[in-house]
Amino acid sequence: MAAKTVNRRRFLTTMARTACGVSLFALGLGFYARGSKALPPEYIRPPGALEEEKFLSACTRCGICVRDCPYDILKLAELGRDNAATGTPYFHARSGACEMCEDIPCIPNCPTGALDHSLTDINKARMGLAVVIDQENCIAFQGLRCEVCYNVCPLRGKALSLDYQPNKRSGRHALFIPVVHSDACTGCGLCERACILEREAIKVLPIRLAKGELGHHYRFGWKEKAKHGGALVTPDKEHHFNLPKGVEYDYSTGRIYVKNKPAAPNAPQAAKPKGGAASILNRGIQEAK
Amino acid sequence: MATPLEELGHDALAQKGWLGAYKWLIARRIAQVAIIGLFLLGPLGGVWILKGNLSSSLLLDTVPMVEPITFLQMLAAGAAGITTTTIIGVLIVAVFYALVGGRAYCAWVCPVNMVTDAAAWLRRKLGIKSTSKIPDWARWWMLGAVIVLAMATGSLAYELVNPVSMTHRGLIYGMGAGWAVIVAVFAYDLLIAKHGWCGHLCPMGALYSAIGSYSVVRMRSDNRAACDDCMECFEVCPEPRILPAALKQGQKQGLPPAVLSGLCTNCGRCADICSKDVFAFGLVLPRERMAGPSREGAGRAEDETLKQAP
Ligand code: SF4
Ligand code: SF4
Ligand code: SF4
Ligand code: SF4
C-alpha cells in the first residue's frame, strides 16, 4: 500500500516535471516564433511567394527554389545570421536581385504552394515595390543625368519611367526624375542593385510598407462621374469670383484675364509681373479701366 | 551473466571479427553520410540525384518527398500551402517507413543520430552513469506541443529550432549559429540524460515510431534460445526497454521472435554486439504479428522490464 502511494507520487511528480518542461519549451518557442514572423524589410521572398503569414505555414524550408535559381540569388536564412525565419528562402536585392527569368524556374519544383504555381508570367510577380526613397541623395533630383535604375529595369517605361521637370536651380535645364509605377513594378530589385550611390536611393520595400491605402468609403467625384456617365448629384452651382466687371478667372491657366482677351495659355513665366497674385489682380483692374 | 561495461563488445569481436561486429554500424554510417553527400552532389558536382533537404526533396528531379512532421505542422498551421505534390511526397515517405520501420529513419538517415551516438559512445568511455530520468512518453508530449504550436502561431514554429532539419539544412546550405543547437543536443545526451534526445524527447522519433509500428522489416530474434543474458545488447540499444519482449521473456509469453515495438530504430547494434548471433534482420508479416498474444501482451512485457529496471 505504502509502496503504491510512493510510486504514484513519483509518477505524478514525473508527470508534473515533464509537463513543466514541455510547456516551457512550447512557451519559449511560441514567443520566438511570434518574433520571427516579421520579415526584415530588406529581405525579399522569391517570386510568387504567398503573403508572409501564409508563407511561413506553407514553406517547408527545403531550398529547392534556391537550387533552381540559375543566378544563385536565393538563400535560406541561417540561424542567428539572417533575421528571416530560419530556413526560409529570401534574397537581398542590393547584393543579388531577381533577374526575372521568363520561365520562373524557382517556382515549379516547390513542393508546396508556398510559391504560387499559377504564376507563369514573371511580369505579374509582386515581390515588393521599388520606392525612390531618398530624394535628397538621388542625383537625378540634383539635376544630374543618371537614369541607371531606369535603364536596368526589365519593365523600363512601364514600371519605372522618367518624369521631366524644370530644374529650378539652374533655371534652364530639366530634371530626369525616376518614377515607379506600382501597377507594373515586380519588386525584382534590379534597380536597387544598380543604383550608383554608396547606399542605394531606390529600394524595394514590402508592399505593406511601400503603399498607402485609401479609406474604403472614399470616392473620387470625377472618377465616379466618368463611370456613371454624368453627374451623380445635383450639379454644383457655377462659382462666381468677386471680380471687377469685365475681368474673369480662367480655370485651365489659373489666370485672370479681361473678357474677350484670353491670356496666352503658355505665357512665359518671366512675363509674370513681380508681386504675385495681388499684382495680377491689380493689373487686371487697371487694364479693365 | 551480464558483461561489465569495460568488456562491452569484446566477445563479439573475438567471435565475429571486426567486420562482423560492426557491419550494421558501418552500413549506417555510410548511408547517413551518403545521403548528405547526394544532396551536396548537385550544388558541388552538378549531378542532381537529390535536391532540397530532408524537410522536402526531389529525387532525380521527379519524385517528391516530404517529411511527415513538416506536413503535420502544415496541416495544423492552416494547410495553406498543401498541394497534390505535397501529399504525394508525404505519402511516399510515410509508406516507405511504414514498411521499413520502425524508426529506420532515425538510424539510417537522420544526421542527429551521429551526434547522439557519439554522445552515447563518449558517455560509455567516460563511464558517466548519472542520468536524469525523463519519462520516455515525453516525446509524445513534445509531438503534441509541436502541433499545438503550429496551430497557435499559424507557422511551422518547430522548424525554427528542430535540431534535425537544422543540422541537415545547415550541412547543405550553411549553418549559421545552428552549431549551437547541435552542441546543445550533444551536451544534453552526454551530461544530462542517457539517450536523452533521441530516446526521450525528439518528436520526429515519436512520429516515426507511430508510422513504423506495424512495419514489416524488423530485427528478428529467431535464435533467442541461444541468449546467455550477457546484456550487451541492452547497453548499446538506444531503446533497451523494447528488447525483453523479443528475448527469453517474450518467449515465455509466446511473443513472436522479433523486436516488434515501433520504437526500434532498426539500427542493428544488437545484432552486431551479440556474440551468440541471436539477432538478424528479417520480415515480420502481419500474420505472425497477430498470431502471438495480443498487442497488449507485448506492451505488458515492456512494462514489466521497466519496473525491474534499477
Ligand atoms: S525568377 Fe529567376 S532570378 Fe528570379 S528568383 Fe526566380 S529563378 Fe531566380
Ligand atoms: S521550394 Fe518552396 S518549400 Fe522549398 S524553400 Fe523554396 S519556397 Fe520553401
Ligand atoms: S529520434 Fe529524432 S534526432 Fe534522434 S535519430 Fe530519430 S529523428 Fe533523429
Ligand atoms: S532492438 Fe536492436 S535494432 Fe532495434 S533499436 Fe535496439 S539495438 Fe537497434
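1. Let's start with B:Ala184, which is partly exposed because its relative accessible area is 43% (buried means under 20%, exposed over 50%, partly exposed in between, with a 1.4 Å probe and protein chains only). B:Ala184 sits in helix H8 of chain B, residues 178-192. Helices here are DSSP runs of H or I with at least four residues, strands are runs of E with at least two, and both are numbered from the N terminus. The C-alpha atoms of B:Ala184 and B:Pro163 are 9.4 Å apart, with these positions 21 residues apart along the chain.

2. A word on ground rules: this is a predicted model, in which local features need pLDDT of at least 70 and side-chain atom pairs count only at pLDDT 80 or more, while totals for chains, interfaces and linings use all residues. Residues are numbered from 1 along each chain as its sequence is written, chains are lettered from A and ligands numbered from 1 in the order in which they are written, and side-chain values use heavy atoms, with hydrogens and water left out.

3. Also in chain B, B:Ser209 belongs to helix H10. B:Ser209 counts as buried because its relative accessible area is 5%. A polar atom of the B:Ser209 side chain lies 2.9 Å from the backbone oxygen of B:Ala206. For reference, a polar contact is a pair of N or O atoms within 3.5 Å; within protein, one must be able to donate a hydrogen and the other to accept it, and residues adjacent in sequence count only if both atoms are side-chain atoms.

4. Now to ligand 3. Its surroundings include B:Cys106, B:Cys110, B:Cys198 and B:Cys202, along with B:Arg103, B:Trp197 and B:Met204; a residue is near a molecule if one of its heavy atoms lies within 4 Å of it. Helices H4 (104-108), H9 (196-201) and H10 (203-211) of chain B each give at least two residues to this shell. By class, the shell has nine nonpolar residues, one polar and one charged. In this scheme Ala, Val, Leu, Ile, Met, Phe, Trp, Tyr, Cys and Pro are nonpolar, Asp, Glu, Lys and Arg are charged, and the others, Gly among them, are polar.

5. Ligand 4 is also surrounded by chain B residues, among them B:Cys237, B:Cys264, B:Cys267 and B:Cys270. The shell around ligand 4 holds seven nonpolar and three polar residues, with no charged ones. B:Asn266 is part of this shell too, and it is worth a look at the backbone. Phi of B:Asn266 is near 55°, a positive value in a residue other than glycine. Most residues other than glycine have a negative phi. B:Asn266 is placed in the loop between helix H12 (248-253) and H13 of chain B, and it is buried because its relative accessibility is 3%.

6. In chain A, A:Glu147 also has a positive phi, near 60°, and is not a glycine. A:Glu147 lies in the loop between strand E3 (129-132) and H4 of chain A. With a relative accessible area of 12%, A:Glu147 is buried.

7. Around ligand 2 there are 13 residues, and those that come nearest are A:Cys59, A:Cys62, A:Gly63, A:Cys65 and A:Cys110. The classes here are 10 nonpolar, two polar and one charged.

8. The second largest pocket has a volume of about 780 Å³. Of its 35 lining residues, B:Leu8, B:Trp121, B:Arg124, B:Val236 and B:Arg269 are closest to the centre. H5(B) gives the most to this lining, with eight residues. The lining has 17 nonpolar, seven polar and 11 charged residues, and at least three come from each of domain 1 (5-10 + 216-306) and domain 2 (49-210) of chain B; the domain bounds come from an automatic or database domain assignment. On a 1 Å grid over the protein atoms alone, a pocket is an open set of points with protein on both sides within 12 Å along at least five of seven lines, a cavity is a set where a 1.4 Å probe fits but cannot get out, and lining residues have an atom within 4 Å of a point. Points are joined across faces, edges and corners, and a volume is the space filled by probe spheres set on them.

9. Finally, the cavities: the count is 10 of 30 Å³ or more. The largest cavity has a volume of about 150 Å³, and the residues nearest its centre are A:Cys138, A:Cys146, A:Cys149, A:Pro178 and A:Cys195. Its lining divides into 15 nonpolar, no polar and one charged.
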